[in-house]
Amino acid sequence: MRMVAGLFALLTPLWMIVDVLVFTWPLTIMLVVGRLITSIAFGMLARAYRKSTKMADAYRALAFMFAIPTLFFIYSHPLLSHFHMDGPAAAISAGYAFLPFVMVAGLAVFPLTAAEGVLFALPVLAAEALVALMQLNLLSWSSHLGAFWLLLLIAAVASLAGMSQLSFMISLVKQASHDTLTGCFSRASGEEMLDIQFHISSRSGAPLAVVFVDLDDFKRINDRFGHDSGDRVLQAAADALRSNLRAGDILARWGGEEFVIILPGASGATAATTVARLRERGLGTRPDGTRMTASFGLAERCADRADNWRKLLEIADQRMYQAKVAGKDCCVGCAEQT
Ligand SMILES: Nc1nc2c(ncn2[C@@H]2O[C@H](COP(=O)(O)OP(=O)(O)OP(=O)(O)O)[C@@H](O)[C@H]2O)c(=O)[nH]1
């Protein structure tokens, strides 16, 4: 947004050279003043723009982005129609009438929903209608209607382009934050969330439990039934884990057949109850019809006196390993639970 506003702040006054060359006094000076004010407005927008995660800030910036050229159009177009022109001046003057078309086409640059597309196109359409009303004596109503219809079509196409851009961005974000096979959060997202949850928990003093889950003898499934069967078992295990967790609990795929569960606000005892429930409800079945099992390692920030999330995860990982050594299909918890 800052780049686009900055670019317009530079390009708008550049066109003054053309205005000075083709138009005559006093029109030239009026256009130059209009362009300078427009350029300053774009420059101020570029300077004031701050990257923000708030939607209200994005809407405000985009509203200014569209309001500035719309006002310039409402000022310049009727002004030009007061002067009789021919030759190059008439051609350049006609170009000013295209400004709303450029603006609505510009909607395609932004990833927008259908409602946002309509919201930002409407003031430009209103400006076109207003200018047409002001100049009904100059052009027939059918010419104005034709221009308005074309503007409407371009707005619709540009909004569609903005919508497809938005859906592409959403799928990119989803791909980056989620594991494509199981739909769980990816390891990178899991690490970020664990970092955030650890800080929240340290500040508030609330407990935070982490469970490391490693499916048992998973390699044998791949070796005996093939990789595709292995994939299906992984998906079923992830579904089972996810559907038995509470809203707010976080499930991330950490590696091949390893998962990490983050339980914000859960004490060691609560987390142990959660793991018991997960084990009781099961993790799906192996292709030969037997139960899919897993080894669980549980750690809790307060009970284990972990001073950072990596330490907490490392304790859970070591305990998961102890569960493997102890014969698999079991959970090793924090000191007070073992
Ligand atoms: N099908 C499938 N297999 C995977 C995927 N990622 C990792 N694996 C396999 O998972 C297997 C993990 O094997 P191991 O680390 O030996 O673990 P295990 O057989 O479960 O043995 P234990 O952990 O001791 O119970 C390896 O054969 C990997 O190739 C995946 O996305 N799909």
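Which helices do the buried residues of H4 pack against? Let's find out by walking through this predicted model, starting with the whole chain.

The chain has 13 helices and five strands. Of its 338 residues, 33% are buried. Among contacts with a separation of 6 or more, 71% join residues 24 or more positions apart. As for the predictor's confidence, the mean pLDDT of the chain is 89, and 97% of its residues reach 70 or more. Where pLDDT is low, the predicted coordinates should not be read in detail. For the complex, the predictor gives an ipTM of 0.95 and a pTM of 0.66.

Now to helix H4, which covers residues 55-81. Its 27 residues reach 39 Å from the first C-alpha to the last, close to the 39 Å expected at 1.5 Å a residue. The buried residues of H4 include Met65, Phe66, Ile68 and Pro69, and further along Phe72, Phe73, Ser76, His77 and Leu80. Here is the answer to the opening question, with the helices that these buried residues pack against:

| Helix | Residues |
|---|---|
| H1 | 2-14 |
| H3 | 27-48 |
| H5 | 88-96 |
| H6 | 99-106 |
| H7 | 114-134 |

Next, take a look at the ligand. It is surrounded by 16 residues, and the closest are Asp216, Phe218, Lys219, Gly230 and Gly256. Strand S1 (208-215), helix H10 (218-225) and helix H11 (227-243) are the elements that each give two or more residues to this shell. H11 gives the most, with four residues. Sorted by class, the shell holds eight charged residues, four polar ones and four nonpolar ones.

Note on methods. Residues are numbered from 1 along each chain as its sequence is written. This is a predicted model: local features need pLDDT of at least 70, side-chain atom pairs count only at pLDDT 80 or more; totals for chains, interfaces and linings use all residues. A residue is near a molecule or strand if its C-beta atom, placed from the backbone, lies within 6 Å of it. Ala, Val, Leu, Ile, Met, Phe, Trp, Tyr, Cys and Pro count as nonpolar, Asp, Glu, Lys and Arg as charged, and the others, Gly among them, as polar. The expected span of a helix is 1.5 Å times one less than its number of residues. A residue is buried if 20 or more other C-beta atoms lie within 10 Å of its own, exposed if 12 or fewer, and partly exposed in between; C-beta atoms are placed from the backbone. Two residues are in contact if their C-beta atoms, placed from the backbone, lie within 7 Å. pLDDT is the predictor's confidence in each residue, from 0 to 100.
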